[in-house]
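Reader: I would like a close look at a single part of this chain, with its surroundings. Please take one helix and describe what it faces.

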Amino acid sequence: METIVLIVHVLIALAIIGLIMLQQGKGADAGASFGGGASQTVFGASGSGNVLSHATAILATLFFITSLGLAWLATKNATVDVNDGIPSVEMIEAQQSEVPTVDEEDSDIPSVGDEDPRA
């Protein structure tokens with residue numbers, strides 16, 4: 001289900017990009033007033049803004065719906081482990097039992113109460 005929604009989401013995104021690239025900017029009307037009126041022959045005298053604007057709005061709405069659907073599916077399928085990364089008590093005890101202890105008699109490190117060996 002998530003794969004289908006993701007594929008539809010990507011296709012809608014590509015369609016939105018294509019529709020936005022087809023639309024004319026505000027500066028295109030100024031060029032048409034100086035004799036470049038051939039751009040209106042495809043969509044009629046009203047121009048392409050109305051049809052493409054509505055299609056873009058519909059696709060944008062579908063894009064947001066699929067975005068929310070993907071977010072809902074992601075949270076539904078997510079698993080949370082509360083103890084993720086926290087070692088268990090048994091693991092800590094096992095590690096502590098493996099640590100070698102140092103006998104004070106065999107140690108070369110002077111104790112706090114010992115006199116200075118350099119003296």
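Author: A few totals come before the helix. The accessible surface of the chain comes to about 10,100 Å², and carbon and sulfur atoms account for 63% of that area. Of the 119 residues in the chain, 11% are buried. The chain holds 4 helices and 0 strands, so the order of elements from the N terminus is α-α-α-α under the rule that helices and strands are DSSP runs.

The model is predicted, and confidence varies along the chain. The mean pLDDT is 76, with 59% of the residues scoring at least 70. Helix 1 has the highest mean pLDDT among the elements, at 94, whereas helix 2, residues 28-33, has the lowest, at 58. Where pLDDT is low, the predicted coordinates should not be read in detail. The close look below is therefore given to helix 1, the element with the highest mean pLDDT.

Helix 1 runs over residues 2-22, which makes 21 residues. At 1.5 Å a residue, the expected span is 30 Å, because the rise is multiplied by one less than the number of residues. The end C-alpha atoms of helix 1 are 30 Å apart, in agreement with that expectation.

The buried residues of helix 1 are Val 5, His 9, Ile 12, Ile 16 and Leu 19. Their directions from the axis cover an arc of only 95°, so they lie on the same side of helix 1. The other side of helix 1 has exposed residues: Thr 3, Leu 11, Leu 14, Ile 17, Met 21 and Leu 22.

His 9 shows what the buried side meets. This residue of helix 1 has a relative accessible area of 13%, and it counts as buried because the cut-off is under 20%. Leaving aside residues up to four places away in sequence, His 9 touches Phe 63, Thr 66, Ser 67 and Leu 70. Helix 3 spans residues 49-77, and Thr 66 has its place there.

Thr 66 gives the view from helix 3. Its relative accessible area is 11%, so Thr 66 is buried as well. With residues up to four places away again left out, Thr 66 touches Val 5, Val 8, His 9 and Ile 12. Val 5, His 9 and Ile 12 are among the buried residues of helix 1 listed above.

Other pairs of residues can be followed by their C-alpha distances. Leu 6 lies in helix 1 and is partly exposed at 44% relative accessibility. Leu 6 and Gly 69 are 63 residues apart in sequence, and their C-alpha atoms are 9.2 Å apart in space. Leu 62, in helix 3, is partly exposed, with a relative accessible area of 37%. The C-alpha atoms of Leu 62 and Val 8 are separated by 9.4 Å, with their positions 54 residues apart along the chain. Ala 57 is another residue of helix 3, partly exposed with a relative accessible area of 42%. Its C-alpha atom is 9.0 Å from that of Ile 16, and the two residues are 41 apart along the chain. Ile 16 is one of the buried residues of helix 1.

These pairs can be set beside the contacts of the chain as a whole. Among contacts with a separation of 6 or more, 97% are between residues 24 or more positions apart.

Phe 63, one of the residues that His 9 touches, also takes part in an aromatic pair. A search of the whole structure finds 1 such pair. It joins Phe 63 and Phe 64, with 6.3 Å from centre to centre and 70° between the planes. The pair is edge-to-face because its planes are over 60 degrees apart. Phe 63 has 24% relative accessibility and counts as partly exposed, while Phe 64, at 57%, counts as exposed.

In short, the buried residues of helix 1 share the same side, and one of them, His 9, touches Thr 66, which is in helix 3.

Methods. Residues are numbered from 1 along each chain as its sequence is written. This is a predicted model: local features need pLDDT of at least 70, side-chain atom pairs count only at pLDDT 80 or more; totals for chains, interfaces and linings use all residues. Side-chain values use heavy atoms; hydrogens and water are left out. Rings of Phe, Tyr and Trp (its six-membered ring) pair if their centres lie within 6.5 Å; planes under 30 degrees apart count as stacked, over 60 as edge-to-face and the rest as tilted. Buried means under 20% relative accessible area, exposed over 50%, partly exposed in between (1.4 Å probe, protein chains only). Helices (H or I, at least four residues) and strands (E, at least two) are DSSP runs, numbered from the N terminus. The arc is that of the directions from the helix axis to the C-beta atoms. Contact means heavy atoms within 4.5 Å. Accessible areas come from the Shrake-Rupley method with a 1.4 Å probe; for residues, only the protein chains shown count as cover. pLDDT is the predictor's confidence in each residue, from 0 to 100.
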